[in-house]
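Thanks, everyone, for making the time. I would like to walk through one model with you, going from ring packing to the cores and then to the pocket.

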Amino acid sequence: MSKNLEIESKTLLDEETYKKMRDAFTAKSDFIQKNYYFDTPDFDLKNSDASLRIRILVDHAEQTIKVKETNPKENKYSERIEINDLLSVAQAEQMTQSAYEGTFFLFGGDVGDYLQKHYSNEAIHSLKLISWSQTRRILATGPENCELTLDLTEFPDGYYDFELEIENDDPATIKKVLAELEKQFNFKVNKENTNQSKVQRAWEHKK
């Protein structure tokens, strides 16, 4: 299990800007991940500003619940408490297959403990697969030696988008790096392209 505070800027890019940025920085890693998102029919998690997912990569998987930080360091970027439990790929695939088939299963580990403490048994027993996304994720070192995450994400209805994520413990560093990238690649951060979560986009683009 891991529990950490995640502070990051999330900016949707157009395809041309994404490609220019991808080509400008040397990739440290480049991989595919698939995300499966869960909620109740009444969207109890969404309504409490939380999200629940299973993520599957080539050699490992994890279950994660993200919840709002009640005492944020700042209010400009996405700030969440992230609780993770590692899963084997086989475990994760069995869970998602059960979800596809509508077969009930309980989330265990620390994610399950959090659900038990904060949601009713009725809500927990009604959790179902809401949507999914598949992302090609590139990690690269950007300005100020800060890690950049460049995502190309596809959703169930065939829609895909491009996103820049900058995660850092220091909001001032995020601000500085983002300003440098805006200037270098001639794009502008605004309300329409900032801090739009993948789970929200997956809900909007489910079949």
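Let me begin with a definition: rings of Phe, Tyr and Trp (its six-membered ring) pair if their centres lie within 6.5 Å, and planes under 30 degrees apart count as stacked, over 60 as edge-to-face and the rest as tilted. In those terms, Tyr18, Tyr160 and Phe162 form one aromatic cluster.

Before I go further, a word on provenance: this is a predicted model, in which local features need pLDDT of at least 70 and side-chain atom pairs count only at pLDDT 80 or more, while totals for chains, interfaces and linings use all residues. Residues are numbered from 1 along each chain as its sequence is written, and side-chain values use heavy atoms, with hydrogens and water left out.

The structure holds nine aromatic pairs, and I will take two of them. One is formed by Phe38 and Phe105, an edge-to-face arrangement with 6.1 Å centre to centre and 90° between the planes. That pair links distant parts of the chain, since Phe38 is in strand β2 and Phe105 in the loop between α3 and α4, 67 residues apart; helices here (H or I, at least four residues) and strands (E, at least two) are DSSP runs, numbered from the N terminus. Burial will come up repeatedly, and buried means under 20% relative accessible area, exposed over 50%, and partly exposed in between, with a 1.4 Å probe and protein chains only. Phe38 is buried because its relative accessible area is 3%, and Phe105 also counts as buried, at 19%.

The other pair is Phe43 with Trp203, again edge-to-face, at 5.6 Å centre to centre and 80° between the planes. Here too distant parts of the chain are linked, with Phe43 in the loop between β2 and α2 (44–47) and Trp203 in helix α7, 160 residues apart. Which of the burial classes does Phe43 fall into? Phe43 has 26% relative accessibility, so it counts as partly exposed, whereas Trp203, at 12%, counts as buried. The backbone of Phe43 also deserves a look, as its phi is near 55°, a positive value in a residue other than glycine.

Asn145 likewise has a positive phi, near 60°; this residue sits in the loop between β6 (128–141) and β7 (147–154), and it is exposed because its relative accessible area is 69%.

Trp203 appears again when we turn to Lys46, which is found in helix α2 and counts as partly exposed because its relative accessibility is 36%. Taking contact to mean heavy atoms within 4.5 Å, and leaving aside neighbours within four places in sequence, Lys46 is in contact with Asp39, Gln200 and Trp203. Lys46 and Val199 are 153 residues apart in sequence, yet 9.4 Å apart in space, C-alpha to C-alpha.

Just after α7 (198–204) comes the segment that holds His205. His205 counts as buried because its relative accessibility is 16%, and, with neighbours within four places set aside, it is in contact with Phe155, Pro156, Asp157 and Tyr159.

Now to the cores, where a nonpolar core is a set of buried Ala, Val, Leu, Ile, Met, Phe, Trp, Tyr and Cys residues joined through side-chain atoms within 4.5 Å. The largest one has 27 residues, and those with the most contacts inside it are Phe38, Leu52, Ile54, Ile65, Phe107, Leu115 and Tyr119. Elements giving two or more residues to this core include β3 (51–56), β4 (61–68), α3 (89–101) and α4 (109–118), and α3 gives the most, with four residues. Apart from this core lies another, of 20 residues, among them Ile7, Phe162, Leu178 and Phe185.

What are the partners of Leu52, not counting residues up to four places away in sequence? Leu52 touches Tyr36, Tyr37, Phe38, Leu45, Thr64, Ile65, Phe107, Val111, Leu115 and Leu127.Last, the pocket. On a 1 Å grid over the protein atoms alone, a pocket is an open set of points where a 1.4 Å probe fits, with protein on both sides within 12 Å along at least five of seven lines, and lining residues have an atom within 4 Å of a point. Of the 34 residues that line the largest pocket, the closest to its centre are Glu6, Glu8, Lys10, Arg53 and Lys66. The largest share of that lining, five residues, comes from α7.
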